[in-house]
Amino acid sequence: MSVPARSPSNLRPSTLHLPQGNWATVLDCLAGHFPAVGREQWLQRMLRGRVLDAQGAPIDPQQPYRVGLRVHYFREVAAETPIPFEETVLHLDEHLLVADKPHFLPVMPAGEYVEQTLLARLAKRLGNADLVPLHRIDRHTAGLVLFSTNPESRGRYQALFRERRIDKCYEALAPALPQLDFPLLRHTGWRPASRSSACARWPGRPTARRASRSPSGWAHCGATRSIRSPARSTSCACTWPPSARRSATTPSIPR
């Protein structure tokens, strides 16, 4: 059953199937599973009808815990910092939306940002709770983001990205490299070296192709790291976009 959107920005709630544990109530489970949020915050959300069951009905703080129970909840961030940059809708039809995202605006709710995200702003602006981004770019990166506006056709567009039939292009600024000959074309394979954001070069299938004609660099396919990492391999540090590393002290907000 689809749970109706009830957040200020028309966002749909997140979903959790309660994990195995020794909790007495759903409130106990949520407080234990998401300790960064805190028991009192979960209690207040329940009292305000911000935690729902599979049928969309509010869950009482005393509701017994049951493993596998589906719970829907709305993310909340107290005193969320406004981001003073505006997105631009470049295209909108019955299947797709193309938005030009400004620097510093996250695409999806995460961490300290919920309402101040591209998805939340567009869902509120258009009144469409079915908006889903088909790909993402980093918060510090500006550029085009493609959204699906229609659940019925969404799978076909998601398949295009999954099958690598969509090309993505990233541009970054970097200092001049007089020791290299331009234009420069590099094929590089990268994969995460650990659970951190670090990457290691490997001999497998290339994940990035970097073509440079000037101090600007272009990376085709992959993620933002696909342009930072090949740049580092040429002893070149990107000056923009900056490296976006979350502080270890940043609160963890459930996704």
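Arg 165 is exposed in this predicted model, with a relative accessible area of 59%. Its side chain forms a salt bridge with Glu 163, and the closest N and O atoms of the two residues are 3.2 Å apart. Glu 163 is partly exposed, at a relative accessible area of 46%. This pair belongs to a set that comes to eight salt bridges in the model.

Another part of the picture centres on Glu 76. Arg 45, Arg 48, Arg 50 and Glu 76 are joined in a network of salt bridges. Within this group, the side chains of Glu 76 and Arg 48 meet at an N to O distance of 2.8 Å. The contact links distant parts of the chain, 28 residues apart: Glu 76 sits in the loop between β3 (70-73) and β4 (88-92), while Arg 48 sits in the loop between α2 (39-47) and β2 (51-52).

Glu 76 also forms a salt bridge with Arg 50, where the closest N and O atoms lie 3.2 Å apart. Because Glu 76 is in the loop between β3 and β4 and Arg 50 is in the loop between α2 and β2, this pair ties together parts of the chain that are 26 residues apart in sequence.

It is helpful to look at how accessible these partners are. Glu 76 is partly exposed, with a relative accessible area of 23%. Arg 48 is likewise partly exposed, with a value of 47%. Arg 50, by contrast, has a relative accessible area of 12% and is therefore classed as buried, the cut-off being under 20%.

Terms used. Residues numbered from 1 in each chain as written. Predicted model: local features only at pLDDT ≥ 70, side-chain atom pairs only at ≥ 80, totals over all residues. Heavy atoms only, no water. Salt bridge = Lys/Arg side-chain N within 4 Å of Asp/Glu carboxyl O. Helix = DSSP H or I, 4+ residues; strand = E, 2+ residues; numbered from the N terminus. Buried < 20%, exposed > 50% of the residue type's maximum accessible area, 1.4 Å probe, protein only.
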